[in-house]
Amino acid sequence: MIDANHLTGDPTDGRRVYLDKQSPAAYRALVRTADAVRTTAADAGLDRILVELVNLRVSQINGCASCLDVHTRAALRAGETIRRLGVLPAWRETELFTPRERAALALAEATTDPADRLGQDRAYGEARTVLSDDEISAVLWVAIAINAFNRVSVLSRHPVRDAPPTPPATPAGAVPAAEVRA
């Protein structure tokens with residue numbers, strides 16, 4: 001019989017404490033923080049797609065499958081394309097992202113690796129050319145919040161369960177496929 005814990009390199013019995021369930025007051029405080037961050041981002045004029053790109057890039061770096069699942073579906077609902085989501089890990093190597101998105105992604109990466117001071121300086125320099133102070137602050141708060149949620153999910157080993165696929169957003173003025181009559 002194969003020991004699944006051996007395959008994952010987990011020397012324990014594989015059980016983890018679900019931090020959100022074990023300490024619900026602390027988790028609710030984190031959710032309230034995320035709500036405040038969402039408001040801050042909206043007030044700063046960050047669109048939902050940019051926010052979800054930040055959430056996704058940070059979650060990719062942190063290897064958080066649960067948050068990647070949640071925020072991929074949210075990005076698709078907001079109108080993000082599969083093409084851009086597919087190349088997000090290599091965003092610097094494409095021309096698919098706007099200067100604002102590129103600045104936000106650089107800030108997100110700098111926030112996720114706070115020991116990289118040179119990377120922070122470069123990210124801030126780029127951001128200063130295309131984002132306002134309010135936008136920079138909002139992007140940093142989005143990255144800080146998703147980093148916290150990544151840690152909760154990764155350390156809890158929140159599973160990604162099978163779910164119905166998220167339908168792509170319907171472009172403005174288009175008729176949803178379900179409404180098209182043959």
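**Group meeting talk: salt bridges, a ring pair and one helix**

Hi everyone, let's start with a little network: Arg57, Arg92 and Glu109 are linked by salt bridges. Before I say more, please keep in mind that what you see above is a predicted model.

Let's look at one link in that network. The side chains of Arg57 and Glu109 form a salt bridge, with N and O 2.7 Å apart. Where do Arg57 and Glu109 lie? Arg57 belongs to helix α4, residues 48-62, while Glu109 belongs to helix α7, so this pair ties together parts that are 52 residues apart in sequence. Both Arg57 and Glu109 are buried.

Now a step back to the whole chain. How many helices and strands does it have? The protein chain has nine helices and zero strands. Reading from the N terminus, then, you meet α-α-α-α-α-α-α-α-α. Of the 182 residues in the chain, 37% are buried. The accessible surface comes to about 11,200 Å², and 57% of that belongs to carbon and sulfur atoms.

Here is another number for the whole chain. Take the contacts between residues at least 6 apart in sequence: 69% of them join residues at least 24 apart. Our Arg57 and Glu109 pair, with its 52 residues of separation, is one to find in the structure.

Back to salt bridges, because a cut-off helps here: we ask for a side-chain nitrogen of Lys or Arg within 4 Å of a carboxyl oxygen of Asp or Glu. By that rule there are 10 salt bridges. One of them joins the side chains of Arg84 and Glu80, at 2.7 Å from N to O. Are these two residues buried or exposed? Arg84 has 12% relative accessibility, so Arg84 counts as buried. Glu80, at 7%, counts as buried too. Then there is the salt bridge between Asp133 and Arg128, whose closest N and O atoms are 2.3 Å apart. Asp133 is exposed, with a relative accessible area of 52%.

On to the rings. The count of aromatic pairs comes to one. Which rings make the pair, and how do they sit? They are the rings of Tyr27 and Phe149: their centres are 5.9 Å apart and their planes stand at 90 degrees, so the pair is edge-to-face. Tyr27 is in helix α3, residues 24-43, and Phe149 is in helix α9, so the pair ties together parts that are 122 residues apart in sequence. Phe149 counts as buried at 16% relative accessibility, whereas Tyr27 is partly exposed, with a relative accessible area of 25%.

Last stop: helix α8, which runs through residues 117-130. We can check its length together. At 1.5 Å a residue, its 14 residues should span 20 Å, and the C-alpha atoms at its ends are 20 Å apart, which agrees. Which residues of α8 are buried? They are Gly119, Ala123 and Ala127. These buried residues cover an arc of only 60 degrees around the axis, which puts them on the same side of α8. Turn to the other side of α8 and you find Arg117, Leu118, Asp121, Arg122 and Thr129 exposed. And what covers the buried residues? The cover includes α7, residues 99-112, and α9, residues 133-156.

You have met both of those helices already: Glu109 is in α7, and Phe149 is in α9. Thanks for listening, and do have a look at the model yourselves!

Technical notes:
Residues are numbered from 1 along each chain as its sequence is written. This is a predicted model: local features need pLDDT of at least 70, side-chain atom pairs count only at pLDDT 80 or more; totals for chains, interfaces and linings use all residues. Side-chain values use heavy atoms; hydrogens and water are left out. Helices (H or I, at least four residues) and strands (E, at least two) are DSSP runs, numbered from the N terminus. The expected span of a helix is 1.5 Å times one less than its number of residues. Buried means under 20% relative accessible area, exposed over 50%, partly exposed in between (1.4 Å probe, protein chains only). The arc is that of the directions from the helix axis to the C-beta atoms. Contact means heavy atoms within 4.5 Å. Accessible areas come from the Shrake-Rupley method with a 1.4 Å probe; for residues, only the protein chains shown count as cover. Rings of Phe, Tyr and Trp (its six-membered ring) pair if their centres lie within 6.5 Å; planes under 30 degrees apart count as stacked, over 60 as edge-to-face and the rest as tilted.
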